[in-house]
Protein chains: 2
Amino acid sequence: MGKKDSIGIGLLGLGVVGGGVARTLSRRAETLDAQVGCPLRLRKIAEKDLAKTRASKMDPDLFTTDPAEVVGDPEIDIIIEVLGGEHPAMEYINEALGRGKYVVTSNKEVMAKHFPEFLSLAKEKGVDILYEASVGGGIPLIAPFKQDLLANEISTIYAIINGTTNYILSRMSSEGLDFSSALKQAQELGYAEADPTNDIEGIDAAYKLVILAALAFHIEVRPDDIYREGISRLSSRDFRYAKELGYEIKLLAIAKEQDGVVEVRVHPVFLPQDLLLAKVDGVYNAVQVEGDLVGRVLFYGQGAGPSPTSSAVIADVIDVAQRVNRGVKITPTLRLDPTKRIKPISEIETRYYLRMSTVDRPGVLAKISNVMGDNLISISSVIQKESDVSADVAEIVLMTYPAKEQAMQQAMGEIERLDVVREISNFVRVED
Amino acid sequence: MGKKDSIGIGLLGLGVVGGGVARTLSRRAETLDAQVGCPLRLRKIAEKDLAKTRASKMDPDLFTTDPAEVVGDPEIDIIIEVLGGEHPAMEYINEALGRGKYVVTSNKEVMAKHFPEFLSLAKEKGVDILYEASVGGGIPLIAPFKQDLLANEISTIYAIINGTTNYILSRMSSEGLDFSSALKQAQELGYAEADPTNDIEGIDAAYKLVILAALAFHIEVRPDDIYREGISRLSSRDFRYAKELGYEIKLLAIAKEQDGVVEVRVHPVFLPQDLLLAKVDGVYNAVQVEGDLVGRVLFYGQGAGPSPTSSAVIADVIDVAQRVNRGVKITPTLRLDPTKRIKPISEIETRYYLRMSTVDRPGVLAKISNVMGDNLISISSVIQKESDVSADVAEIVLMTYPAKEQAMQQAMGEIERLDVVREISNFVRVED
């Protein structure tokens, strides 16, 4: 039936993911060939690190240290890019698409930074770029958006898409750890890197949110467009109050659309305890999508690791290979709409949790409430704990009704200037 | 680009789901046409109930009371079957496929009973039958199996796929209700029917499990092949013990494959409280899939209702319409393997929870333990509560290590014949 004798595959990178992909291609060759309809042949692997090459115990003739040799091979139809990072991945993806080759990538950073350009080039050259592995590891996400949810107008995406931070927050929640102890635990277990900046500052989550927002809302977002706060300022006190108020704290990647304007932001949030998303613990990932027909759906699984990522890469390879074998040229179906506007963080409206340290004197709460009222922010609940009398310090926690971010920022500025307030210890947005 | 001026759609049934589908096709016409690449035209609707026809306020010329007229219309390319039930849905699906029309159905019963025949006929006629809406309402399930999880060897499916029973069990768990009160609540809220047999006896879940097992394991299962127990014998005492032991009770549809032999069963189970699946409450559905690469993934959402079901039906319609428009004939890719064997319930191995009423005398536990030991079943924990001394009754609860079902049944028979045992009040399988 097929139009080809075999389909040539080139692999860029034999790191953790690349090694998993190579192993799966080889171990499951028979099943994969049957699914595609003709043999898949891994023809070349680019890897600079000769130790990795040797450790793989694969045929030495497969290897080159020069990715250009893989991308330029006329017998290769599909390039799998698992180098990670922006450069030189971007250059090789462009080169591959430019030569009319299909590309499968697990690289969220390069996708987040160059998605629109890759789509245009693929369209122009009559090929496609697939990226299921770039978000949520092996959790099926891209295909559901491209197919199953097509009839829906999607309003909201809430995503836990960084396993490191979710692990840290889970430990803080379940064991009352402070941030630095939880981070240390994560590092010891290999869940966090020595330099954890990319994870704990939400940079990794923002990359993935660029891709999710494009899929759900067809909006062209750049990583720098995303409002971003990390998790390092959360303390064990915040978790204690959250529990008392009926919430869990999670780092969420959020995308919402209303009237053609899209919010994209990554920051810690209070989530109601009874929401399934709030119960996603440890290094797991979950993406909750809300559509007008389907209501709330949630996808859950391991967001990283060589095996789950290989699962997604190979699924994309099968999808492309089936097309190549049928001789069907199918270019990207996703059309980004450049007219969609991104809402500045100052314009969003949400509820807030606010924790303050004040002097321990009558009338303090009244002064704070006045400021909130002046800024048209309604308070939904207050906790004032027994205070440390000797130190003349009290702690006040407020939850608000929905309010504009701008008003809230204004109010917080005024509250900080009150002589009875020592500091605003923290504030966290509340979503439900 | 397209090969067709328009694609004709015929709808069989204007009930709750059919009404939702008709509304979505009309309200979202512009978007759908853009996605397909040519106009979708709803040409005929078969509905016997003229009150429904009138209430729909749609063009009267669209309607007929005779489904054969829809299926026979040469201008119709895609038949949407939302009649429900086995007959006459089966006959019209066969007729439609036989005439070379594509079929989209939300009908789990007819699919569960005639899946293999429909697949063969569709293959023979060069068309396809799509059924995303038949399992889990709008939750994307079929496409993930057909595409995203293809690289995996799937070992286990645990599915909460009946909202009615999950609602009842959630109420029993959270409020300590007994079964009949929880059922009554569900009926008052419209979550359970006046005759709830299909739901509470696991018949509905078994239909859906036939389809999931076919997708995951390519096995040909008939509804009667599925071992089935309902939820009516669960009592509030079982929920209390479950909590104490760290479990929730859920009605699960289970499919597992090992060495080409497949278990398919629907019954209540003890699930560890910390498993995300155990936290799925109310009328929601969730399907947990375990694959060798991807690990555990879970899909969650509303399993029923006109809007979620429409979401799935329309997604299938778009998928088919895109192919029709491109002139691509793609027949079913699923190949059922008739050599796969179904494991009889007596051969399964799992852990058990066992609750017994005994006389209140020393040595009772020893006698029971001896029977278990004789049948090579190890006990992992025991609860013996303060007893009702006046009535000379004690209650003993056992949890076992993994044991063969056959051995367990044998042991339970022997225990029931012990003179110190009044009755085995309940036993529930334990999964993790």
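**Exercise 1. Place Y191(A) and describe its surroundings.**

Task: In which loop of chain A is Y191(A), and is the residue buried or exposed, or partly exposed?

Solution.
- Step 1. Y191(A) sits in the loop that joins α9 (179-188) to α10 (197-200) of chain A. The model is a predicted one.
- Step 2. Its relative accessibility is 37%. Buried would need a value under 20%, and exposed a value over 50%. Y191(A) therefore counts as partly exposed.
- Step 3. Y191(A) joins L189(A) and V283(A) in a nonpolar surface patch of about 250 Å².

**Exercise 2. Read the sheet of chain A.**

Task: Which strands stand at the edges of the sheet, and why is one side of each left without a neighbour?

Solution.
- Step 1. Write down the order: β3-β2-β1-β4-β5-β6, an open sheet of 6 strands with parallel pairing.
- Step 2. Look at the edges. There stand β3 (63-64) and β6 (129-130) of chain A. Each has a single partner strand, so one side of each has no neighbour in the sheet.
- Step 3. Check the partner of β6(A). Strand β5 (residues 102-105) of chain A pairs with β6(A) in the parallel sense, over 2 bridges.
- Step 4. Find facing residues. V103(A) is opposite I129(A) in β6(A).

**Exercise 3. Describe the interface of chain A and chain B.**

Task: How many residues are in contact, what area is buried, and how many salt bridges cross the interface?

Solution.
- Step 1. Contacts: 40 residues of chain A touch 40 residues of chain B.
- Step 2. Area: about 3700 Å² is buried between the two chains, and carbon and sulfur atoms give 57% of this.
- Step 3. Salt bridges: the rule finds 3 across the interface. R28(A) forms a salt bridge with E153(B). Their closest N and O atoms are 3.9 Å apart, and the cut-off is within 4 Å.

Key. Residues numbered from 1 in each chain as written. Chains lettered and ligands numbered in written order. Predicted model: local features only at pLDDT ≥ 70, side-chain atom pairs only at ≥ 80, totals over all residues. Heavy atoms only, no water. Patch = residues over 30% accessible without salt bridge, like charges linked within 9 Å, V, L, I, M, F, W, Y side chains within 5 Å. Areas by Shrake-Rupley, 256 points an atom, 1.4 Å probe, with all protein chains shown as cover. Salt bridge = Lys/Arg side-chain N within 4 Å of Asp/Glu carboxyl O. Helix = DSSP H or I, 4+ residues; strand = E, 2+ residues; numbered from the N terminus. Buried < 20%, exposed > 50% of the residue type's maximum accessible area, 1.4 Å probe, protein only. Pairing = 2+ DSSP bridges. Contact = heavy atoms within 4.5 Å. Buried area = accessible area lost by both parts, 1.4 Å probe.
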